[in-house]
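Open the model in your viewer and set a cartoon representation. The stops below go one selection at a time.

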Amino acid sequence: MRRLRLKLMTALCLGIGLAGCSLTRPPAQVEAPIPAQWHAPLPHGGSLASLADWWRQLDDPLLVELITAAEAASPNVASAAARVAEARSTRVQAGAALLPSLDGTASASRGTSGLSSSSSSSSSLSASTPITTLQAGLQSKWEVDLFGRLRADRDAAEAKQNSANAKWHDARVAVAAETANAYFSERACQQQLRVSEADARSRSETARLNDLSAKAGFTAPADAALARASASDASGRLTQQRAQCAVQRKALVALSGIDETTLEQKLAASPAQRALPVVGSIASVPAEAISQRPDVYSAELGVASASADVGSAEAERYPKLTVSGSIGRTQYRVDGLRQSLETWTVGPISLTVPLLDGGSRKANIDAAKARYAEAVSLYRSNVRQAVREVEEALVNLDATDARTTDADAAVKNYQASFDATQARYSSGLASLFELEDSRRTLFTAQTARVTLQRERTEAWVALYRSMGGGWNRQSASAPSSESSSMTSTPATKVATSP
């Protein structure tokens with residue numbers, strides 16, 4: 001008996017020792033093409049130090065409210081949160097597979113003894129004597145991780161969980177950027193609507209005066225017709241602009257989930273035009289900041305997960321060692337008598353060695369390696385795309401900043417020219433054609449300035465999103481099961497000039 005126990009203990013120790021063995025996996029981290037410096041015009045010679053609370057830097061509470069509401073209403077954010085919960089459960093399951101399992105059992109039965117009487121004595125059991133049987137026990141099973149398959153599965157599950165966390169943050173950043181763009185489009189549309197309304201009123205008034213003058217015989221009918229045509233053209237543009245603003249507002253309603261009437265009241269109560277923070281320190285962004293993008297981090301974790309999957313597939317080709325054991329107690333009750341029996345077992349200790357599978361395991365390894373190669377390629381592609389997005393945002397930001405002064409000067413001088421032409425027209429020194437041409441040029445300049453302002457806000461939002469929206473690996477937290485409303489706002493902080 002002692003010899004048998006010694007053999008069992010030797011087998012267990014051998015299994016535990018072999019559990020330290022593992023197969024070589026592909027690299028969990030790979031190099032990516034990150035440039036040493038940005039190749040884009042960078043304003044003011046500063047550096048992008050922080051991206052926290054960017055939306056609040058705009059001093060626009062309505063924008064913050066809209067982003068919070070959009071996060072709560074977004075199906076993409078909700079799906080990302082659900083995938084985080086699923087990945088967390090998978091991680092727990094993968095970790096539990098490394099530990100022994102323990103199950104409790106209990107049963108009770110009652111039936112006849114099945115015994116025949118041996119004598120006429122009243123104390124002997126008859127065939128009809130009922131017997132109650134009670135059983136309880138514990139059963140344990142443990143797969144010794146000889147070649148690291150279970151550890152590889154755990155590592156893959158952990159990488160996938162972290163990747164799901166990063167994707168949740170990326171979804172929130174995307175929703176914030178989309179909502180901000182829709183909000184700025186709404187504001188730009190309203191600004192353009194005011195320009196169109198002013199242009200339509202001016203042309204309508206000119207047409208009215210020309211009609212009166214034509215009826216009095218002081219103006220040629222052709223000039224009156226030209227003024228009416230100009231007024232009709234402006235009225236058509238105004239109608240079109242109103243329709244565009246209505247469509248834009250419905251897009252904002254759909255994003256935020258706020259009732260349209262309520263949203264209209266909020267927009268009306270909020271100032272229509274707010275200045276963007278001055279670019280104070282965005283001249284030199286370290287290339288390493290690309291790693292602070294949640295989508296890039298998720299792709300990086302995809303490489304680590306694929307590497308662990310390769311290790312798991314490789315380990316499937318090698319033997320598996322399983323150790324089982326149980327303890328139990330059985331009690332029999334018959335005619336007031338009780339008899340108990342205690343049992344325990346160690347084993348079986350089973351070793352499964354794969355022999356023939358028709359190439360199935362080899363095919364699984366090849367598939368895992370192919371997925372690993374794909375993950376590496378996607379990660380490097382994501383890094384290249386991230387660099388491109390940051391540089392494009394910086395180029396557009398610099399360009400719109402350089403054009404702003406020219407656009408303001410153009411509107412100011414075209415307005416002065418139009419006022420002078422209108423004064424000359426009123427005194428009979430300028431023709432209607434000159435007046436309409438000057439008015440058309442002013443309207444074009446005003447429209448161009450509104451468009452430029454919209455492009456500038458788009459550049460700010462693009463920079464925010466391309467830099468990861470203030471996310472970082474150290475402080476990133478996963479959504480809790482109670483945080484489905486997503487009340488916190490992913491935000492960025494833009495340093496402002498003193």
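Start with a single side chain. Select Arg454 and show everything around it. Leaving aside neighbours within four places in sequence, Arg454 is in contact with Asn181, Phe184, Ser185 and Ala188. This is a predicted model, so treat each stop as a prediction.

Is Arg454 buried or exposed? Its relative accessible area is 12%. Buried means under 20%, so Arg454 counts as buried.

**The helix pair**

Now widen the selection to residues 432-466. This is helix α10, and Arg454 is found in it. Add residues 149-215, which form helix α5. Two values describe how such a pair is arranged: packed helices are described by the angle between their axes and the distance between the axes. Here the angle is about 170°, and the axes of α5 and α10 are 9 Å apart. Angles over 145 degrees count as roughly antiparallel, so that is the label for α5 and α10. Colour the contact by residue class. The contact of α5 with α10 has 14 nonpolar, 12 polar and eight charged residues.

**A helix end to end**

Select residues 221-256, helix α6. Draw a line from its first C-alpha to its last. Helix α6 has 36 residues and reaches 53 Å between those two atoms. That is close to the 52 Å expected at 1.5 Å a residue. Step to Gly257, just after α6. Check its backbone: Gly257 takes a positive phi of about 75°.

**The sheet**

Move on to the strands. Four of them form an open sheet, in the order β1-β2-β3-β4, with antiparallel pairing. Which strands stand at the edges? They are β1 (101-112) and β4 (337-352). Each has a single partner strand, so one side of each is left without a neighbour in the sheet. Look along the sheet for its twist, which averages 15° from one strand to the next.

Take the β1 edge. Select β1 with strand β2, residues 130-144. The two pair in the antiparallel sense over 12 bridges. Label Thr105; its bridge partner in β2 is Gly137. Then colour β1 by accessibility. Of its 12 residues, the number buried is zero, so β1 lies largely in the open.

Cross to the other edge. Select strand β3, residues 320-334, together with β4. These strands pair in the antiparallel sense over 14 bridges. Finish by labelling Leu321 and Leu351: Leu351, in β4, is the bridge partner of Leu321.

Key. Residues are numbered from 1 along each chain as its sequence is written. This is a predicted model: local features need pLDDT of at least 70, side-chain atom pairs count only at pLDDT 80 or more; totals for chains, interfaces and linings use all residues. Side-chain values use heavy atoms; hydrogens and water are left out. Helices (H or I, at least four residues) and strands (E, at least two) are DSSP runs, numbered from the N terminus. The expected span of a helix is 1.5 Å times one less than its number of residues. Buried means under 20% relative accessible area, exposed over 50%, partly exposed in between (1.4 Å probe, protein chains only). Contact means heavy atoms within 4.5 Å. Two strands pair if DSSP finds at least two bridges between them. Axes are lines fitted to C-alpha atoms, for helices over the stretch in contact, and angles run from 0 to 180 degrees between N-to-C directions. Angles under 35 degrees count as roughly parallel, over 145 as roughly antiparallel, 65 to 115 as roughly perpendicular and the rest as oblique. Ala, Val, Leu, Ile, Met, Phe, Trp, Tyr, Cys and Pro count as nonpolar, Asp, Glu, Lys and Arg as charged, and the others, Gly among them, as polar.
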